Amino acid sequence: MTEAIREQMKKDGTDHVWLSMVPIGREKILKHFPHIFRHCMEEGYDVTKEWIPVVPAQHYFMGGIWVDSDSRTSMEHLYAAGETSCNGVHGANRLASNSLLESLVFARRAARRISQEEQATI
């Protein structure tokens, strides 16, 4: 989606695109998006009545520590899991709900690997 938005901005020669939340309806906006509503009102936009300018963001990017499928980093005995790690399993299409599941799966894999390494030294 980000790439498509950037392409449209380039085509239009603008630094934003316009988003309408109006079809969602005032009641639903106030219930499900109260923070967005308040912030936009502070900026002078009523999302229940008008379009708002938006720009793409890289919210899907997980942390910058590259790890393997067991959350191992390039440093011996150092593991990283959760928001700090970047395992590449979702790429640009990662959804917010995936990040929690991904964090749990990779943390468990790290714990198992650490346990195996500990058992091997006993």
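The protein chain exposes about 9,100 Å². Carbon and sulfur atoms supply 57% of that area. Keep in mind that this is a predicted model. Now, how much of the protein chain is buried? Buried residues make up 25% of its 122 residues.

Next, the layout. The protein chain has four helices and four strands. Starting at the N terminus, the order is α-β-α-α-β-β-β-α. So much for the order; now the contacts. Take the contacts in the protein chain with a separation of 6 or more. Of these, 45% are between residues 24 or more positions apart.

On to the charged pairs. How many salt bridges does a search of the whole structure find? The search finds four.

Let me start with Asp46. Asp46 forms a salt bridge with Lys49. The closest N and O atoms in this pair are 4.0 Å apart. Which partner is buried, and which is exposed? Asp46 has 12% relative accessibility, which is under the 20% cut-off, so Asp46 counts as buried. Lys49 has 65%, which is over 50%, so Lys49 counts as exposed.

Now to Asp70. Please find this residue on the structure, in the loop between strand S3 and strand S4. Asp70 is buried, with a relative accessible area of 15%. The side chain of Asp70 meets the side chain of Arg113 in a salt bridge, at 2.7 Å from N to O. Where do the two residues sit in the chain? Arg113 is in helix H4, residues 96-121. Asp70 is in the loop between S3, residues 65-66, and S4, residues 85-86. The two are 43 residues apart, and the pair links distant parts of the chain. Arg113 itself counts as partly exposed, at 25% relative accessibility.

Asp70 has another partner. The side chains of Arg72 and Asp70 also meet in a salt bridge, here at 3.9 Å from N to O. Arg72 is partly exposed, with a relative accessible area of 29%.

Which residues belong to the network around Arg113? Asp68, Asp70, Arg72 and Arg113 are joined into one network by salt bridges that share partners.

Stay with that loop for two backbone points. Ser71 is in the loop between S3 and S4. Its phi is near 70 degrees, a positive value in a residue other than glycine. Is Ser71 buried or exposed? Ser71 is buried, with a relative accessible area of 0%.

His77 lies in the loop between S3 and S4 as well. His77 is not a glycine, yet it has a positive phi of about 65 degrees. At 62% relative accessibility, His77 counts as exposed. To put the two side by side: Ser71 is buried, whereas His77 is exposed.

Last stop, Asn87. This residue lies in the loop between S4 and H4. Asn87 is buried, with a relative accessible area of 14%. What does the side chain of Asn87 do? The Asn87 side chain makes a polar contact with the side chain of Glu102, at 3.0 Å. Now leave aside the neighbours of Asn87 within four places in sequence. Which residues is Asn87 in contact with then? Val67, Glu102 and Phe106.

To recap. Asp70 pairs with Arg72 and with Arg113. Asn87 makes a polar contact with Glu102 through their side chains. Ser71 and His77 have positive phi values.

Notes:
Residues numbered from 1 in each chain as written. Predicted model: local features only at pLDDT ≥ 70, side-chain atom pairs only at ≥ 80, totals over all residues. Heavy atoms only, no water. Buried < 20%, exposed > 50% of the residue type's maximum accessible area, 1.4 Å probe, protein only. Contact = heavy atoms within 4.5 Å. Areas by Shrake-Rupley, 256 points an atom, 1.4 Å probe, with all protein chains shown as cover. Polar contact = N/O pair within 3.5 Å; in protein donor to acceptor, adjacent residues only side chain to side chain.
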